[in-house]
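Work through the following exercises with the sequence and the model in view, and try each task before reading its solution.

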Amino acid sequence: RVALSGDGSVLLVGAPGDSSGGSGLAADPQAGPPVTNSGAVHVFGRDVNGQWAQVTYLKAEAPAAEARFGKSLSLSHDGTRAAVGHPDGAGGGRASLYRRLLDGWEFQQVVQGSNTEGGDTFGEVVQLDPEGETLVVGASGEDGSTDTAGADNGSSESGAVYVFRRKAGNDVLDEWNEVAYLKAPETRVNGDFGYAVALSN
């Protein structure tokens, strides 16, 4: 996966098969011991002369084997907010949120769905709106049979979509909250609802 900002100055490149042992912002890609398929994201910036250079290398704050951090990516239009999905491994998946400041990138928050559990693949796809205010996360492996989160697991891999909103007026630390849990109008076993997501401007 790749994600490019609207002005073409910030590029994210996912490496979900990365197994280095580092963690967090500016992780060491040579760190050990290895954490198999924990995943990573390479962040590149383009300067005023049009030259590209890698500016940082991101790992999850708590890398987990087979989590595949970087399997999905999204950037706000101005490239100041990023979402990274790590949908596999234990726990059913997560999405990590970051903010770009003048002196580099800052980790903000990890989100999960209100009913996320093992095998849900939460974070298989992520999409930020252009302003970086709304986040949509697909979880095609989710098993609910109704549009009430946590009601049951009666429809295997029917899939779900979660919508998060960033709390307004907080310029120091973003706070993301789940505002909707979406299911297909007709829930079907192996329906994979949420395998792809999109947002209008």
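**Exercise 1.** Which backbone nitrogen does the side chain of Thr56 reach?

The model is predicted, so local features need pLDDT of at least 70 and side-chain atom pairs count only at pLDDT 80 or more, while totals for chains, interfaces and linings use all residues. Residues are numbered from 1 along each chain as its sequence is written, and side-chain values use heavy atoms, with hydrogens and water left out.

Begin with the location: Thr56 belongs to strand β4, residues 52-58. Next, the side chain of Thr56 reaches the backbone nitrogen of Ala26 at 3.4 Å. Finally, leaving aside residues up to four places away in sequence, Thr56 touches Ala26, Val41, His42, Val43 and Trp105, where touching means heavy atoms within 4.5 Å.

**Exercise 2.** Decide whether Thr56 is buried or exposed.

Buried means under 20% relative accessible area, exposed over 50%, and partly exposed in between, with a 1.4 Å probe and protein chains only. Thr56 has 12% relative accessibility and therefore counts as buried.

**Exercise 3.** Find how many aromatic pairs the whole structure holds, and examine those of Phe122.

The search finds 4 aromatic pairs. Rings of Phe, Tyr and Trp (its six-membered ring) pair if their centres lie within 6.5 Å, and planes under 30 degrees apart count as stacked, over 60 as edge-to-face and the rest as tilted. The ring centres of Phe122 and Tyr162 are 5.3 Å apart with planes at 70°, so this pair is edge-to-face. For Phe122 and Phe164 the centres are 6.2 Å apart and the planes at 80°, so that pair is edge-to-face. Phe122, Tyr162, Phe164 and Tyr181 form one aromatic cluster.

Methods: Helix = DSSP H or I, 4+ residues; strand = E, 2+ residues; numbered from the N terminus. Polar contact = N/O pair within 3.5 Å; in protein donor to acceptor, adjacent residues only side chain to side chain.
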